[in-house]
Amino acid sequence: MLISVAELFGGITSPFIFIFFLCLGITVFFFYPYAVPVFLVFELAVIYITASIDLNQANFISNYPVWFRWEIILLATFGALFFAISAIYYRQGEERDKLEEVVSKLVAEKVKGEVVLQSMSDGVFVVDREKRLIFLNEAAEKILKVSKEQGEHFLGHFYGNIFKLRINNKEIDYTKDCPLQIAIAEGKSIFRDDLSLINLSNKTLYITLSSAPVVDASGNAQGAVAIIRDVTKEKEIERIQMEFVSIASHELLTPITQVQGHLSMIVDENIGEVDDTASNIVSNAYKGIKRIARLVRDLMNVSRIQRGSMKMNIVPVDMNSLLENAAKDFQDEAKSNDLQLIFEKPQKPVSEAFGDPDRLGEVINNFIGNAIKFTKKGKIVLSVSEKRDGSIEVSVQDTGIGIEKENFDKVFDKFYQVDSSATREAQGTGLGLYISKVIVEMMNGKIWVESKLGKGSRFCFTLPKVINKIS
């Protein structure tokens, strides 16, 4: 504007020429910003030519040299600013275009992700760090028995307002037991199969819930995603199966016990002598009925565990006596398998342990029975000791086939048996160690195995010891 004013009062170039180049420069600005300096240089050339031809312009330059210098400086400054502004404008335009492209891609990915989540048959929902619901798919709405409009109404609110989760018929503590809270706080995936849900139709559903943290680029959890599955029908079928097993086991146990008792009397020749042929037949029948009785008891125990009806009579237990009696009970079976069964009495007195003596007898019997089953030669050693941490440790060590390290935890799973030629020869259900684990943990104890393949195994459990009060 200053240059235009100077030109109107007799500057070095005609105002019309200046305005023409200004308009031309503005036009170039919108298309080729980096060509603006070229046009400004071209205008300076026009000024020089005009001053050389027009005497008025030459007189103006000689009479007012200060005006001329300031006019050139302003024109150069104007060109530099015009160039800088145009460059910034176009750079921002390019960044804006890139940003719009990125936003478009993100929107497309978001839509694609939502389509995938909506098409899932399992219920899916997402919460933020404050556990406010930010997404709910159609499958989750069906589980909850809510309409699309109702589901949208719950968005932005605490998810527990619509997902009424329960454990053992009690509402969960959303600050401690909430799987999504754990996923957000600890940054790890959580799976729960012990939850139930009351939907808006006031119907109780049994569900499985898998939750995982939603993390940002820095790895910080910004929320959690959860997948829920309605397993009510499966739970009902499982309940019916367990009831059938429980009833069948109870009905079978009485006649099996009677047959076992009668065969035992014949084997021990309490009712008279039998010849060798009959003795072998009866002995095999006795072993078979004992195996059946053990299976029935295992099935009954699994049924009690599944129904949560297994009871414990926790009292002080002398583990020395328990192990000594167990060694006597299995002595004949060990000898028939050419094995030594030894109870190593502790050198120092061992405190009593808190536990259920009958259930502990089952655990020890399972340990010894497995040791005999999987040991071809050598010995089995029972021992008990008092640990420094205030617990009583019981162990059954054998010289059998051993277990690979990766199977240590699996051997305590229900129906699991290590797959090898040696284990396939031995008959069993894979329930004994599972039941033992549950029993020990119900007594606030720990159970584990130590083993080397081909060298033998050592099965152990610990229980809290009885602290004798001095009066």
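Student: Why does Asp 122 count as buried?

Tutor: Asp 122 has a relative accessibility of 16%. Buried means under 20% relative accessible area, exposed means over 50%, and partly exposed lies in between (1.4 Å probe, protein chains only). The value for Asp 122 is therefore that of a buried residue. As for the source, this is a predicted model in which local features need pLDDT of at least 70 and side-chain atom pairs count only at pLDDT 80 or more, while totals for chains, interfaces and linings use all residues. Residues are numbered from 1 along each chain as its sequence is written, and side-chain values use heavy atoms, with hydrogens and water left out.

Student: What makes the contact of Asp 122 and Arg 229 a salt bridge?

Tutor: The term requires a side-chain nitrogen of Lys or Arg within 4 Å of a carboxyl oxygen of Asp or Glu. Between Asp 122 and Arg 229 the N to O distance is 2.8 Å, so the pair qualifies. The two residues are 107 apart in the chain: Asp 122 is in the loop between helix H5 (65-119) and strand E1 (123-128), and Arg 229 is in strand E7 (residues 221-230). Helices (H or I, at least four residues) and strands (E, at least two) are DSSP runs, numbered from the N terminus. By the salt-bridge rule, the count comes to 12.

Student: Why is Arg 229 called partly exposed?

Tutor: Its relative accessible area is 45%. That value falls between the two limits, so Arg 229 is partly exposed.

Student: How do you know that Glu 393 and Arg 458 form a salt bridge?

Tutor: Their closest N and O atoms are 2.6 Å apart, which is within the limit, so the pair is a salt bridge. Glu 393 belongs to strand E12 (residues 391-398) and Arg 458 to strand E14 (residues 456-464), 65 residues apart. Glu 393 is buried, because its relative accessible area is 9%, and Arg 458 is also buried, at 18%. Through shared partners, salt bridges join Lys 387, Glu 393, Glu 450 and Arg 458 into one network.

Student: What makes Lys 373 eligible for the positive surface patch?

Tutor: Patch residues have over 30% relative accessible area and no salt bridge; like charges are joined within 9 Å, and nonpolar side chains (Val, Leu, Ile, Met, Phe, Trp, Tyr) within 5 Å. Lys 373 has 31% relative accessibility, so it passes the area limit. Lys and Arg count as positive and Asp and Glu as negative, with His and the chain ends not counted. Lys 373 lies in helix H13 (residues 357-373), and its partners in the patch are Lys 287, Arg 291, Arg 294 and Arg 297. Helix H10 (residues 276-307) supplies the largest share of the patch, four residues.

Student: How do you know that Glu 100 is accessible enough for the negative patch?

Tutor: Glu 100, in helix H5, is partly exposed at 46%. That value is over 30%, so Glu 100 meets the area condition. The patch also contains Glu 94, Glu 95 and Asp 97.

Student: What makes Asn 202 notable in phi?

Tutor: Most residues other than glycine have a negative phi. Asn 202 is not glycine, yet its phi is positive, near 65 degrees. Asn 202 lies in the loop between strand E5 (190-198) and strand E6 (204-215). At 65% relative accessibility, over the limit of 50%, Asn 202 is therefore exposed.

Conventions
Accessible areas come from the Shrake-Rupley method with a 1.4 Å probe; for residues, only the protein chains shown count as cover. The place of a charge is taken as NZ of Lys, CZ of Arg, CG of Asp or CD of Glu.
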